[in-house]
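Student: Please take me through one part of this model at close range. I would like the overall fold as a frame, then the details of a single site.

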Amino acid sequence: MSDESLYLVKLQFQSGVVGGGSMEIQFAVDPKTGSLNGRANGSIQEGTQHSPHFTASASGHMHATGYNDVTKVGALTGQAVVSFPPPAIGSYQSPFTASFGVDNQWNGKGSFSVGENTYQCKVSLID
């Protein structure tokens, strides 16, 4: 993608729907290879009583598109640990995926899935 050195990106994925999900994902980008490695934290079924939270480690790749409005696309996969807040107690492991298409300011659209829960989201850079 470029000759720059490794850099960090932190993105917010927000579904904007009651009962939807949200997450923040922070990942390192190796611009020479396009590889991504990072960690996500978020909620599934956000806005519901006792909504489960998750953390996930993920890796993937990012590519330049050459388009005006969507200059970068990326995808990550990994495993999430989903935890239930009190009064429910417990956690389980589940597949995790995230994908995005963004402009040069890291604003765009994406989605993420934890198990069978998939959320279409607005994506934006977190300073």
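Tutor: Start with the frame. Eight strands close into a barrel, in the order 1-2-3-4-5-6-7-8, with antiparallel pairing. Direction ignored, neighbouring strands of this sheet are turned by 25 degrees against each other on average. Keep in mind that this is a predicted model.

Now the close look: M23. This residue sits in strand 2, which covers residues 22-30. M23 has 1% relative accessibility. Buried means under 20%, so M23 counts as buried.

What is M23 in contact with, leaving aside its neighbours within four places in sequence? The list begins with L11, Q12 and F13. It goes on with A40, N41 and G42. F54, F96, A98 and F112 complete it. Some of these can be placed on the barrel. F54 falls within strand 4 (53-64). F96 and A98 fall within strand 6 (residues 90-102), and F112 within strand 7 (residues 108-114). One C-alpha separation can be added: M23 and I44 are 21 residues apart along the chain, and their C-alpha atoms are separated by 8.6 Å.

Strands 6 and 7 deserve a word of their own. They run antiparallel and are joined by seven bridges. In one of these pairings, T97 has S113 in strand 7 as its bridge partner.

For contrast, turn to the surface. Y67 lies in the loop between strand 4 and strand 5 (72-84). Its relative accessibility is 61%, so Y67 counts as exposed. Together with V70 and V73, Y67 makes a nonpolar surface patch of about 270 Å². So M23 is buried, whereas Y67 is exposed.

Notes: Residues numbered from 1 in each chain as written. Predicted model: local features only at pLDDT ≥ 70, side-chain atom pairs only at ≥ 80, totals over all residues. Heavy atoms only, no water. Helix = DSSP H or I, 4+ residues; strand = E, 2+ residues; numbered from the N terminus. Buried < 20%, exposed > 50% of the residue type's maximum accessible area, 1.4 Å probe, protein only. Contact = heavy atoms within 4.5 Å. Patch = residues over 30% accessible without salt bridge, like charges linked within 9 Å, V, L, I, M, F, W, Y side chains within 5 Å. Areas by Shrake-Rupley, 256 points an atom, 1.4 Å probe, with all protein chains shown as cover. Salt bridge = Lys/Arg side-chain N within 4 Å of Asp/Glu carboxyl O. Pairing = 2+ DSSP bridges. Axes fitted to C-alpha atoms, helices over the stretch in contact; angles between N-to-C directions.
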